[in-house]
Amino acid sequence: MTDEPTDDAGESTIDFQSRQLCPDGGCVGVIGAGAIGAWHSRIVAEGGDALAAVCDIDRARAEAAAFGARAYDDPDAFFASDLDAVIVATPEVEHEAHVTAAARAGLAVLVEKPVAPDMAAMHRMAKAVTEA
C-alpha cells in the first residue's frame, strides 16, 4: 500500500504527465507491461521521477503503464535508451534475453521471479551479468 494522494473516487491525483524524467539521475526502465510490470512501473513513478521508459511488445500496453515516461515496443531501442537500471517483468522464457541485453548495456538489473525456466539459463544470466 502506498501513501499516494487520491481523490474521492480513489483515483490517483499524482500528475504523472508533467513530471521531469530523472532530474537527478537514476533512470529506471521496466520491460514487460503486464500486471506485474505495470505494478513495478507505478511504484517507481510514485516514488519520484525515476521511471524513464517502459517496454512491451504491445505498444498500447507500454503506453498505459508508462505514467508519462517513454514507451517502447522495441527492446533494442529500449535497452539503448538513457537508463541506469531495468526491471525485467516479462514472461520467464524472455528473462535470459532481457537480462543479457541489460547487462551488455551496463544496466543494473532486477528480475522478477521465477528468474529462469531452468538452472542452465540462470547460470548463463549470472555469467552475462558478471562479465558485463
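This report walks through a predicted model of one protein chain, from its overall fold to single residues.

## Overall layout

The protein chain has 5 helices and 5 strands. Strand and helix alternate: from the N terminus on, the order is β-α-β-α-β-α-β-α-β-α. The chain therefore opens with a strand and ends with a helix, when its elements are taken as DSSP runs numbered from the N terminus.

The protein chain holds 132 residues, and 38% of them count as buried. Contacts with a separation of 6 or more give a view of how the chain folds back on itself. Residues 24 or more positions apart account for 52% of these contacts. On the outside, the protein chain exposes about 7,300 Å². Carbon and sulfur atoms supply 54% of that area.

## The largest pocket

The largest pocket encloses about 230 Å³ of space. It is lined by 13 residues, and those closest to its centre are G32, D56, I57, T90 and P91.

The lining is mixed in class. It has 6 nonpolar, 4 polar and 3 charged residues.

## The aromatic cluster

Two ring pairs come next. A pair of aromatic rings is described by the distance of the centres and the angle of the planes. The count for this model comes to 2 aromatic pairs. One of them joins Y72 and F78, with 6.0 Å centre to centre and 75° between the planes. That pair is edge-to-face. Both Y72 and F78 are buried.

F78 also pairs with F79. Their ring centres are 5.1 Å apart and their planes meet at 70°, so this pair is edge-to-face too; the cut-off is over 60 degrees. F78 has 0% relative accessibility, so F78 counts as buried. F79 is buried as well, because its relative accessible area of 8% is under 20%. Together, Y72, F78 and F79 form one aromatic cluster.

## H95 and V88

H95 sits in helix α4, which covers residues 92-104. H95 counts as buried because its relative accessibility is 1%. Leaving out residues up to four places away in sequence, H95 touches V88, T90, V111, E112, P114, V115 and M125. One of these, T90, is also among the residues closest to the centre of the largest pocket.

V88 belongs to strand β4, residues 85-88. V88 has a relative accessible area of 0%, so V88 is buried. With the same neighbours in sequence left out, V88 touches I31, H95, H98, V99, V109, L110, V111 and E112. H95, V111 and E112 thus appear around V88, while V111 and E112 also touch H95. V88 and I36 are 52 residues apart in sequence, yet their C-alpha atoms are 9.8 Å apart in space.

## Unusual backbone spots

Two places stand out against a general pattern. Most residues other than glycine have a negative phi, and most peptide bonds are trans.

The bond between K113 and P114 is cis, with omega about -10°. P114 lies in the loop between β5 (108-111) and α5 (119-131). P114 is also one of the residues that H95 touches.

F67 is not a glycine, but its phi is positive, at about 50°. F67 lies in the loop between α2 (59-65) and β3 (70-72). At 15% relative accessibility, F67 is under the 20% limit and so counts as buried.

## Toward the surface

R70 is found in strand β3. With a relative accessible area of 32%, R70 falls between 20% and 50%, so R70 is partly exposed. R70 and V54 are 16 residues apart in sequence and 6.3 Å apart in space, C-alpha to C-alpha.

H123 is in helix α5. H123 has a relative accessible area of 53%; that is over 50%, so H123 is exposed. H123 and E96 are 27 residues apart along the chain, and their C-alpha atoms are separated by 9.7 Å.

Methods: Residues numbered from 1 in each chain as written. Predicted model: local features only at pLDDT ≥ 70, side-chain atom pairs only at ≥ 80, totals over all residues. Heavy atoms only, no water. Helix = DSSP H or I, 4+ residues; strand = E, 2+ residues; numbered from the N terminus. Buried < 20%, exposed > 50% of the residue type's maximum accessible area, 1.4 Å probe, protein only. Contact = heavy atoms within 4.5 Å. Areas by Shrake-Rupley, 256 points an atom, 1.4 Å probe, with all protein chains shown as cover. 1 Å grid on protein atoms, 1.4 Å probe; cavity = no way out; pocket = protein on both sides within 12 Å on 5 of 7 lines; lining within 4 Å. Points joined across faces, edges and corners; volume = space filled by probe spheres on them. Nonpolar A, V, L, I, M, F, W, Y, C, P; charged D, E, K, R; others polar. Phe/Tyr/Trp six-rings, centres within 6.5 Å; stacked < 30°, edge-to-face > 60°.
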